[in-house]
Amino acid sequence: MQKTLSIIKPDAVKKNVIGKILDRFESNGLKIVAMKKIQLNQNQAEEFYQIHKDKPFFEDLVKFMISGPVVVSVLEGEDAVFKNRELMGATNPKEAKAGTIRADFAENIDANAVHGSDSLENAEIEINFFFKTDEIYK
Ligand code: CMP
């Protein structure tokens, strides 16, 4: 059993497809063990994405992530980190396989509907960024 962090980004929240995206997780064996809708501020977005701080897209990424509320959740299941990334599809929706979340709901590489932890190690860091242990329920 693994846990991973999912963020439904501002573009998908604005499109009113939170439920459709959560259904992808539940229908594919992932359980939502924590969830909240929040508005990130600049400092939080910069800290969350600090791994990308030297990338040319960092400023736009932060600006986008604070452009509206997001839904953060902790997903639990067998091989959850990989399974979530399979369900999301490629970072660039134009390269995402048909039937993936990004192929179905994302516009472009900036507004790409969802974020998911890319490793078990980062999943733990990212979950702790948003949730206290007593906010996670099986
Ligand atoms: P995410 O999985 O949230 O991780 C970092 C985000 O940066 C990524 O999704 C994209 O939305 C965004 N991004 C913008 N340009 C790029 C790029 N060239 N390569 C990777 N990520 C990018």
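The following questions and answers concern a predicted model and its core, ligand site, sheet and loops.

In this predicted model, local features need pLDDT of at least 70 and side-chain atom pairs count only at pLDDT 80 or more, whereas totals for chains, interfaces and linings use all residues. Residues are numbered from 1 along each chain as its sequence is written, and side-chain values use heavy atoms, with hydrogens and water left out.

Q: Which element gives the most residues to the largest nonpolar core?
A: A nonpolar core is a set of buried Ala, Val, Leu, Ile, Met, Phe, Trp, Tyr and Cys residues joined through side-chain atoms within 4.5 Å; buried means under 20% relative accessible area, exposed over 50% and partly exposed in between, with a 1.4 Å probe and protein chains only. The largest such core has 20 residues, and Leu-5, Ile-7, Met-65, Phe-130 and Phe-131 have the most contacts inside it. Two or more residues come from each of strand E1 (2-8), strand E2 (31-38), helix H3 (42-48), helix H4 (58-65), strand E3 (70-77) and helix H7 (120-130), where helices (H or I, at least four residues) and strands (E, at least two) are DSSP runs numbered from the N terminus. With five residues, the element that gives the most is H4.

Q: Is Leu-61 buried or exposed?
A: Leu-61 has its place in helix H4. Leaving aside neighbours within four places in sequence, Leu-61 is in contact (heavy atoms within 4.5 Å) with Tyr-49 and His-52. Because its relative accessibility is 10%, Leu-61 counts as buried.

Q: How much of the accessible area of the ligand does the protein cover?
A: Residues surrounding the ligand, that is, with a heavy atom within 4 Å of it, include Leu-61, Tyr-49, His-52 and Phe-57. Ligand oxygen atoms lie 2.7 Å from a side-chain N or O atom of Lys-9, 3.4 Å from one of Arg-102 and 3.2 Å from one of Asn-112. On its own, the ligand has 450 Å² of accessible area (Shrake-Rupley method, 1.4 Å probe), of which the protein covers 77%.

Q: How many residues of E3 are buried?
A: In a regular strand the side chains alternate between the two faces of the sheet. On one side of E3, Val-70, Val-72, Val-74 and Glu-76 are buried, and on the other Val-71, Ser-73, Leu-75 and Gly-77 are buried. E3 is thus mostly covered, and the number buried is eight of its eight residues.

Q: Which residue of E3 is the bridge partner of Ile-32?
A: Two strands pair if DSSP finds at least two bridges between them. E1 and E3 run antiparallel and are joined by seven bridges, one of which pairs Lys-3 with Glu-76. E2 and E3 also run antiparallel, with seven bridges, and the partner of Ile-32 in E3 is Leu-75.

Q: What is the phi of Asn-16?
A: Most residues other than glycine have a negative phi. Asn-16 is found in the loop between helix H1 (10-14) and helix H2 (18-27), and is exposed, with a relative accessible area of 68%. Its phi is positive, near 65 degrees.

Q: Where does Asp-79 lie?
A: Asp-79 is not a glycine, yet has a positive phi of about 55 degrees. With a relative accessible area of 42%, Asp-79 is partly exposed. Its place is the loop between E3 and helix H5 (80-88).

Note on methods:
Polar contact = N/O pair within 3.5 Å; in protein donor to acceptor, adjacent residues only side chain to side chain.
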